[in-house]
Amino acid sequence: MDTQQPYRTGRHCVFMLHAHLVFVTKYRGDLFGAEHLDSLEGIFRNVCADFETELVEFNGEGDYVHLLVIYPPKVALSRLVNSLKGVSSRRLKLMHPELVKPAYQKNALWSPSYFAGSVGGAPISWVRQYIEQQARPH
């Protein structure tokens, strides 16, 4: 996907959907170093490509990561998140065996919860005002 265009097009739609995702490690364990985050970014980019989405920005610290993704309307954000977390957990532990032990008893790298926020477009107050100003027929 080309990030220079403000709007994307599908077969029957025009869209601009951005999501800010935050994943936290299980029990907020401080697990990641720079090499882990580099590996995670590559894994996340591959998963996003499989979903026809784009990872625009990625960063993190020892116990959490932030992702900014652009996704089409046909993608359920919850399915994308489940795949991102599941695939990254499996592949990262294969690439970095030192992470297997800190994944605790259930062998889980990520907390089951996540943050997802919509990003981009006009502020909500502008959208609300625009909708309120529509000429409603009597």
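Which residue in strand 6 is the bridge partner of Val22? The partner of Val22 in strand 6 is Phe115, and this pairing belongs to a set of seven bridges that join strand 3 to strand 6 in antiparallel fashion. The model is a predicted one, and what follows describes its open sheet of four strands, ordered 4-5-3-6 with antiparallel pairing, then the helices that pack on that sheet, and finally some surface and backbone details.

**The sheet**

- Four strands make up an open sheet in the order 4-5-3-6, and their pairing is antiparallel; because strand 4 (54-60) and strand 6 (110-119) stand at the edges with a single partner strand each, one side of each of them is left without a neighbour in the sheet.
- From one strand to the next, the twist of this sheet averages 20 degrees.
- Strand 4 is joined to strand 5 (residues 64-70) by six bridges, the two strands running antiparallel, and within strand 5 it is Val65 that serves as the bridge partner of Gly60.

**Helices packed on the sheet**

- Helix 1 (residues 34-50) packs on the sheet and touches strand 3 (18-25), strand 4, strand 5 and strand 6, while its direction makes about 160 degrees with that of strand 4.
- Helix 2 (residues 77-95) also packs on the sheet, where it touches strand 3, strand 5 and strand 6, and its direction makes about 135 degrees with that of strand 6.

**Strand 3 and its partners**

- Six of the eight residues of strand 3 are buried, a state that requires under 20% relative accessible area, so this strand is largely enclosed by the rest of the structure.
- Seven bridges link strand 3 to strand 5, again with the two strands running antiparallel, and His20 stands opposite Leu68 in strand 5.
- Toward strand 6, strand 3 likewise forms seven antiparallel bridges, with Val22 and Phe115 as bridge partners.
- As a general point, the side chains of a regular strand alternate between the two faces of the sheet.

**Met95 in helix 2**

- Met95 lies in helix 2 and counts as partly exposed, since its relative accessibility is 47%.
- When residues up to four places away in sequence are not counted, Met95 touches Ser39 and Ile43.
- Met95 and Phe51 are 44 residues apart along the chain, and their C-alpha atoms are separated by 22 Å.

**A nonpolar surface patch**

- Ile124, Val127, Tyr130 and Ile131 make a nonpolar surface patch of about 430 Å².
- One of these residues, Val127, is found in helix 3 (residues 124-132), and with a relative accessible area of 33% Val127 is partly exposed.

**Positive phi values in loops**

- Most residues other than glycine have a negative phi, which gives the background for the two cases below.
- Arg28, found in the loop between strand 3 and helix 1, has a positive phi of about 55 degrees although it is not a glycine, and at 47% relative accessibility Arg28 counts as partly exposed.
- Glu52, found in the loop between helix 1 and strand 4, has a phi near 60 degrees, a positive value in a residue other than glycine, and Glu52 counts as partly exposed at 47% relative accessibility.

Definitions and conventions:
Residues numbered from 1 in each chain as written. Predicted model: local features only at pLDDT ≥ 70, side-chain atom pairs only at ≥ 80, totals over all residues. Heavy atoms only, no water. Pairing = 2+ DSSP bridges. Axes fitted to C-alpha atoms, helices over the stretch in contact; angles between N-to-C directions. Contact = heavy atoms within 4.5 Å. Patch = residues over 30% accessible without salt bridge, like charges linked within 9 Å, V, L, I, M, F, W, Y side chains within 5 Å. Areas by Shrake-Rupley, 256 points an atom, 1.4 Å probe, with all protein chains shown as cover. Salt bridge = Lys/Arg side-chain N within 4 Å of Asp/Glu carboxyl O. Buried < 20%, exposed > 50% of the residue type's maximum accessible area, 1.4 Å probe, protein only.
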